[in-house]
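Hello,

Here is the structure I promised to pass on to you. Please open it beside this message, and then read on for what turned up.

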Amino acid sequence: MSASRSETARALGPGADLLAALLDGMDAALCAFDADGVVTHWNREAERILGWSAEEAVGRSGFAGWAVRSADADDVHRRLMAVMDAPGRQVHEFALLRKDGGRVLVRTQSAGVRGADGGPAGVYCAFSEVHAQIDLERSIALSEALFDDASWGVVLVDVDLRPTVVNAHAARALGASRTSLLGRPLGELVVQGVEELEGALHHVLAEGAPRALVELWVTLRTPEGERRRCWRSGFLRLASPLAEEPVPLGIGWLFQDVTDAKLAEQEADRLRFRTSQLHRAGNAAAECEDPLEAAAVHLDFALAGFADHALVDLAEGDRLVRAAASPAGAPGPMARPAGAGIPVRYGAGHPALQAVDRIGSVRASASASTGASTEAWAAERQWPREAAHALCTVLRSRGRTLGVLTFLRSGNRPAFERPDAVYAESVAARVAAAVDLAGAARE
């Protein structure tokens with residue numbers, strides 16, 4: 001009833017062994033029919049899906065009586081053989097019968113086969129179970145959706161850590177076009193934080209994806225300048241499904257920009273800490289008999305996490321006299337410095353004098369000066385040499401200017417910003433009240 005595989009191989013000539021190996025190695029089920037509808041080829045995947053071996057399938061006339069119900073046989077045969085005279089491929093779905101009697105829904109792609117004379121010679125048909133095909137289509141659809149315009153950045157990175165595919169969201173986040181990013185080292189895009197990013201990618205290649213999301217702070221180089229961003233990132237190690245052993249193809253990197261949320265979270269934490277410090281300082285200062293000691297307590301609490309040094313210069317006539325300072329070079333409590341009571345030699349335009357004139361706060365940084373080094377900038381303003389950022393705010397009480405409070409930061413810390421000035425003014429109000437009370441007690 002059917003020809004054996006060996007008989008079919010002999011009929012096909014010297015290339016039969018190679019053809020049989022190729023057919024059996026395919027991931028898709030494949031069968032072929034001659035012009036009369038007789039099965040001529042049947043590979044191992046077709047045997048796996050339907051249970052019929054090549055010896056049982058080859059030589060049969062169509063699927064009638066064995067691989068399809070009798071009621072469906074004519075329709076299936078007609079639709080399969082119709083493609084022999086039609087151009088291109090046709091896709092159909094059939095319910096076929098397994099050898100054990102069960103039914104399986106398959107999706108077929110069939111096309112005509114031409115003979116040496118160009119005439120119709122048969123039909124080949126590739127088929128797979130519908131659910132497997134749908135799974136494949138879902139995977140393809142997911143990939144296309146991710147790389148079209150997903151709401152998070154998606155980047156495929158090869159084993160050399162160079163982008164190979166970038167979606168639209170990631171391109172916007174990186175500040176470049178999708179094509180211009182391909183193949184470029186990450187160091188060309190990321191000014192700061194590239195070591196942490198590449199370290200995470202190397203870890204994924206070597207050890208696999210981390211269990212939790214990773215938050216990476218990076219500084220990007222864009223046409224508009226440098227931007228500091230926080231990316232909440234997830235990583236996937238990609239391996240070839242065709243290799244016997246996992247072969248790394250690269251890394252899938254998915255990320256979201258959470259900069260605004262992280263900055264808001266940091267600001268909320270900072271505000272809670274500063275509010276707590278003001279509360280604790282108030283309680284501690286209330287136990288001090290000497291108002292000037294209470295002022296020093298306020299400054300000791302204010303310095304924590306805020307600045308490296310603090311200076312208090314009190315107004316005596318039209319001069320400013322150093323009244324208290326934190327020790328330079330090492331952390332310590334506020335104290336009355338040696339030589340206290342001697343007017344400080346602030347030059348014209350000094351930030352402390354500007355604060356007195358404006359009756360407000362003045363911020364300054366060495367980076368904003370021209371030409372001078374940080375040490376020279378600090379020495380010119382009579383500040384410790386490590387000072388690189390300053391915030392001067394006026395001491396006011398009962399409508400009078402009592403002096404100036406100066407906070408200083410070293411160069412390894414960020415410059416003072418407007419929220420810092422608000423906090424400094426809150427501290428200055430408490431210090432000014434204590435200084436005013438000390439003056440009233442002396443009078």
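Is His389 buried or exposed? His389 is buried, with a relative accessible area of 9%, where buried means under 20% relative accessible area, exposed means over 50%, and partly exposed lies in between (1.4 Å probe, protein chains only).

Before going further, a word on how to read this: the model is predicted, so local features need pLDDT of at least 70 and side-chain atom pairs count only at pLDDT 80 or more, while totals for chains, interfaces and linings use all residues. Residues are numbered from 1 along each chain as its sequence is written, and side-chain values use heavy atoms, with hydrogens and water left out.

**Around His389**

His389 belongs to strand β15; strands (E, at least two residues) and helices (H or I, at least four) are DSSP runs, numbered from the N terminus. Its side chain reaches the backbone oxygen of Arg413 at 3.0 Å. That is a polar contact, meaning a pair of N or O atoms within 3.5 Å; within protein, one must be able to donate a hydrogen and the other to accept it, and residues adjacent in sequence count only if both atoms are side-chain atoms. Leaving aside neighbours within four places in sequence, His389 is in contact (heavy atoms within 4.5 Å) with a list of residues that includes Ala364, Trp377, Phe407, Pro414 and Phe416.

Just past this strand, the loop between β15 (387-397) and β16 (400-410) holds Arg398. Arg398 has a positive phi of about 55 degrees although it is not a glycine, and at 64% relative accessibility it counts as exposed.

**Helix α11 and the loop after it**

Gln354 sits in helix α11 (residues 351-358) and counts as partly exposed, at 25% relative accessibility. Apart from neighbours within four places in sequence, Gln354 touches Gly349 and Val362. Thr393 is 39 residues away from Gln354 in sequence, yet their C-alpha atoms are 9.3 Å apart in space.

The loop between α11 and β14 (361-365) contains Ile359. This is another residue other than glycine with a positive phi, near 50 degrees, and Ile359 is partly exposed, with a relative accessible area of 47%.

**The six-stranded sheet**

An open sheet of six strands runs in the order β7-β6-β11-β10-β9-β8, with antiparallel pairing; two strands pair if DSSP finds at least two bridges between them. Its edge strands are β7 (163-166) and β8 (190-192), each of which pairs on one side only. From one strand to the next, the twist averages 40 degrees. At the β8 edge, two bridges join β8 to strand β9 (residues 214-222) in the antiparallel sense, and Val190 stands opposite Leu220 in β9.

Two helices lie across strands of this sheet. Helix α8 (residues 194-207) crosses β6 (153-157), β8, β9, β10 (225-239) and β11 (248-257), running at about 5 degrees to β10. Helix α9 lies across β9, β10 and β11, at about 115 degrees to β10. For these angles, axes are lines fitted to C-alpha atoms, for helices over the stretch in contact, and angles run from 0 to 180 degrees between N-to-C directions.

**Two helices side by side**

Helix α9 (residues 259-285) also packs against helix α13 (residues 418-442) at an angle of about 5 degrees, with their axes 12 Å apart. The two are therefore roughly parallel, a term for angles under 35 degrees. Among the residues making the contact are Glu267 and Arg274 of α9, and Asp420, Tyr423 and Arg430 of α13.

**Two hairpins**

Strands β12 (residues 309-316) and β13 run antiparallel, joined by six bridges, with Leu314 opposite Val321 in β13. They form a hairpin with two residues between them, and Gly317 in the turn has a positive phi of about 70 degrees. Why is β13 described as largely enclosed by the rest of the structure? Because six of the seven residues of strand β13 (residues 319-325) are buried.

The other hairpin joins β4 and β5, with five residues between them and a positive phi of about 85 degrees at Gly118 in the turn. Strand β4 (residues 103-114) is linked to β5 by nine antiparallel bridges, and Val106 has Glu129 as its bridge partner. Strand β1 (residues 29-34) pairs with β5 (residues 120-129) as well, antiparallel over six bridges, and there Cys31 is partnered by Cys125.

Enjoy exploring!

Technical notes:
Angles under 35 degrees count as roughly parallel, over 145 as roughly antiparallel, 65 to 115 as roughly perpendicular and the rest as oblique.
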